[in-house]
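Student: Could you take me closely through the helix packing in this model, one pair of helices at a time, and then through any open space that borders on it?

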Amino acid sequence: MKLLEGKTALITGASKGIGKAIAIKFAANGANVAFTYLSSVEKGQALEDELGALGVKVKGYRSDASDFKAAEELINNVVQDLGGLDILVNNAGITKDNLLMRMTEEMWDDIMNINLKSCFNTVKASSRTFMKQRSGSIINMSSVVGVKGNAGQANYAASKAGIIGFTKSIALELGSRNIRCNAIAPGFIETEMTEVLDEKTIQTWRDAIPLKRGGAPEDVADACVFLGSDMSSYITGQVLQVDGGMLT
């Protein structure tokens with residue numbers, strides 16, 4: 001049995017990395033998948049083709065979740081085009097790292113808009129659909145950096161810690177309607193972004209992790225499948241660390 005059979009999911013920022021892995025795992029588990037991308041148009045179209053081959057309904061949208069009106073329009077389109085919405089995965093996010101002394105106001109504001117405000121936008125827009133059907137699973141992507149902080153990432157850490165507070169509050173507000181809201185806090189996940197880093201640096205990070213390896217995007221995607229499925233029907237308001245024991 002496929003764990004997400006008959007469910008429809010929306011994943012933001014899914015053209016590459018963790019978002020792409022989530023979209024593929026969801027489709028492989030029987031979910032109809034809507035996803036967003038912004039700058040990577042070709043990758044977005046390629047993913048639409050790849051997921052379509054798995055025999056589920058698929059639609060990619062070029063949309064900016066940090067724009068309130070665009071997010072509202074996106075949710076309405078997904079419900080109309082795919083016939084509903086059961087799972088929302090807020091994965092869209094960026095980094096603009098710098099020490100506080102060198103951090104500009106723009107670097108702070110961009111991170112807050114794209115990482116944190118986008119969660120507010122999509123959750124608010126989809127809550128009406130979830131409340132009407134008295135079910136839904138919201139999964140917000142945080143980070144171990146949001147749990148413990150990190151020098152040079154005050155903006156990113158604040159946005160990801162904000163997601164945790166937001167997630168717990170939404171879980172309390174919507175729980176009575178059978179709507180669940182959880183966060184995932186990935187640790188060091190090896191993606192296209194980490195490929196450009198020096199191998200020696202990466203190995204140092206791996207050695208500091210109890211499981212002695214970096215995570216794969218699929219490790220995070222598996223956690224999303226669990227939280228999106230009925231297997232986690234009594235789990236809400238939680239932060240699931242997918243970090244190889246990094247914060248143990």
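Tutor: Contact here means heavy atoms within 4.5 Å of each other, and the model is a predicted one. With that cut-off, one face to read is the one between α1 and α8, where G17, I18, A21, I22, K25 and F26 of α1 meet P217, E218, V220, A221, D222, C224 and V225 of α8. Sorted by class, this contact holds 9 nonpolar residues, 1 polar and 3 charged. The axis of α1 comes within 8 Å of that of α8, which spans residues 217-228, and the two cross at roughly 50°; α1 is therefore oblique to α8. The crossing of this pair is right-handed.

Helix α1, residues 17-28, also packs against α2, residues 41-52, and here the angle is about 20° with the axes 10 Å apart, so that these two helices run roughly parallel to each other. Their crossing is right-handed as well, and the contact is built from K20, A23, I24 and A27 on the α1 side and from L47, E50 and L51 on the α2 side. Of these residues, 5 are nonpolar and 2 are charged, with no polar ones.

Further along the chain, α4 packs against α6, residues 154-174, at an angle of about 15° and with 8 Å between the axes, which means that α4 is roughly parallel to α6. Here too α4 passes its partner in a right-handed crossing. From α4 the contact takes M107, W108, I111, M112, N115, L116, C119, F120, V123, S127 and M131, and from α6 it takes A154, N155, Y156, A158, S159, K160, G162, I163, F166, I170 and L174. The division by class is 16 nonpolar, 5 polar and 1 charged.

That brings us to the open space, since α4 also borders the second largest pocket and gives the most to its lining, with 7 residues. Both α3 (68-82) and α4 (105-133) supply at least two lining residues each. The pocket holds about 260 Å³ of space, and its lining consists of E72, I75, N76, V79, K124, A125, S127, R128, T129, K132 and Q133. By class these residues are 3 nonpolar, 4 polar and 4 charged. S127 deserves a second glance, for this residue belongs to the pocket lining and also takes part in the contact of α4 with α6.

Note on methods
Residues are numbered from 1 along each chain as its sequence is written. This is a predicted model: local features need pLDDT of at least 70, side-chain atom pairs count only at pLDDT 80 or more; totals for chains, interfaces and linings use all residues. Side-chain values use heavy atoms; hydrogens and water are left out. On a 1 Å grid over the protein atoms alone, a cavity is a set of points where a 1.4 Å probe fits but cannot get out, and a pocket is an open set with protein on both sides within 12 Å along at least five of seven lines; lining residues have an atom within 4 Å of a point. Grid points are joined across faces, edges and corners, and a volume is the space filled by probe spheres set on the points. Helices (H or I, at least four residues) and strands (E, at least two) are DSSP runs, numbered from the N terminus. Ala, Val, Leu, Ile, Met, Phe, Trp, Tyr, Cys and Pro count as nonpolar, Asp, Glu, Lys and Arg as charged, and the others, Gly among them, as polar. Axes are lines fitted to C-alpha atoms, for helices over the stretch in contact, and angles run from 0 to 180 degrees between N-to-C directions. Angles under 35 degrees count as roughly parallel, over 145 as roughly antiparallel, 65 to 115 as roughly perpendicular and the rest as oblique. A crossing is left-handed if the near helix is turned anticlockwise from the far one by less than a right angle, and right-handed if clockwise.
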